Amino acid sequence: MLFTDHGLGLAAVGLLKGLYPILWGLGQIPTGHLADRIGRKPLIIYGMLVQTVGFVLALALLERPLLAGLLSAVFLGLGTAMLYPALIASISDHAHPAWRANALGAYRFWRDIGYAAGALVTGILTDALGLTAASGFLAARWITEHTKD
């Protein structure tokens, strides 16, 4: 809606809507491997910060809506690709094998609920308080790496 309100047609919005999940999906292949090599925490933190850049670019470049949308989709897709495998792996790292499936199920349930109900609240709070960048800094402080013995 943001980009149609700024003059983009259906084809351009479709391109933007397709670019984000393609980068997210394909990007998880190398970033999942990277999370096993360098740890979960850096990818979670930097993924959130890369997503923040995507949100900022979407708004900062609105006088050129196609450019704003393309850059935003790239940064959001890459940031999400960094986050998702690292978050899932982090849950697995901290869960005992006997209850790992339940832990992942609970995590995914609450994450997916956030898409629907949380999106409204998050959008309002993010706009009002700049919480996306703050969440990356909070993750840097509070997330701990789980070392395998």
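Tyr 46 lies in helix H3, where helices (H or I, at least four residues) and strands (E, at least two) are DSSP runs numbered from the N terminus. With a relative accessible area of 49%, Tyr 46 is partly exposed, a class that falls between buried (under 20% relative accessible area) and exposed (over 50%), as evaluated with a 1.4 Å probe on protein chains only. Between the C-alpha atoms of Tyr 46 and Leu 83, which are 37 residues apart along the chain, the separation is 8.2 Å. The structure is a predicted model, in which local features need pLDDT of at least 70 and side-chain atom pairs count only at pLDDT 80 or more, whereas totals for chains, interfaces and linings use all residues. Residues are numbered from 1 along each chain as its sequence is written, and side-chain values use heavy atoms, with hydrogens and water left out.

The secondary structure of the chain amounts to six helices and zero strands, so that the order of elements from the N terminus reads α-α-α-α-α-α. Taken along the principal axes, the box filled by the C-alpha atoms is roughly 55 × 30 × 25 Å. Of the 149 residues in the chain, 33% are buried. When contacts (heavy atoms within 4.5 Å) are restricted to residues at least 6 apart in sequence, 74% of them join residues at least 24 apart.

Three helix pairs were examined for their packing, with axes defined as lines fitted to C-alpha atoms, for helices over the stretch in contact, and with angles running from 0 to 180 degrees between N-to-C directions. Helix H3 (residues 40-60) packs against helix H4 (residues 65-94) at an angle of about 155 degrees, the axes being 7 Å apart. The two helices H3 and H4 are therefore roughly antiparallel to each other, given that angles over 145 degrees count as roughly antiparallel, those under 35 as roughly parallel, those from 65 to 115 as roughly perpendicular and the rest as oblique. H3 passes H4 in a left-handed crossing, a term that applies if the near helix is turned anticlockwise from the far one by less than a right angle, a clockwise turn being right-handed. The contact of H3 with H4 comprises 19 nonpolar, seven polar and two charged residues, where Ala, Val, Leu, Ile, Met, Phe, Trp, Tyr, Cys and Pro count as nonpolar, Asp, Glu, Lys and Arg as charged, and the others, Gly among them, as polar.

For H2 and H4, the packing angle is about 30 degrees and the axes are 7 Å apart, and these helices are therefore roughly parallel to each other. Their crossing is right-handed, and the contact of H2 with H4 divides into 19 nonpolar, seven polar and no charged residues. Helix H2 (residues 10-38) and H3, in turn, pack at an angle of about 130 degrees with their axes 7 Å apart, and H2 and H3 are therefore oblique to each other. To this contact H2 contributes Thr 31, Leu 34, Ala 35, Asp 36 and Ile 38, while H3 contributes Arg 40, Pro 42 and Leu 43; by class, the contact of H2 with H3 has five nonpolar, one polar and two charged residues.

In soluble globular proteins, nonpolar side chains tend to be buried together. A nonpolar core is here a set of buried Ala, Val, Leu, Ile, Met, Phe, Trp, Tyr and Cys residues joined through side-chain atoms within 4.5 Å. The largest such core has ten residues, namely Ala 35, Leu 43, Ile 44, Ile 45, Met 48, Met 82, Leu 83, Tyr 84, Ala 86 and Ala 139, and the elements that give two or more residues to this core are H3 and H4. A second, separate core of eight residues includes Phe 3, Ala 12, Ala 58 and Leu 62. Apart from neighbours within four places in sequence, Ile 44 is in contact with Leu 83, Ala 86, Leu 87, Ala 139 and Ile 143.

Gly 39 occupies the loop between H2 and H3 and counts as buried at 13% relative accessibility. Beyond its neighbours within four places in sequence, Gly 39 is in contact with Leu 34 and Glu 145. Ser 90, which is placed in helix H4, is likewise buried, with a relative accessible area of 14%, and the C-alpha atoms of Ser 90 and Glu 145, 55 residues apart in sequence, are 8.0 Å apart in space.
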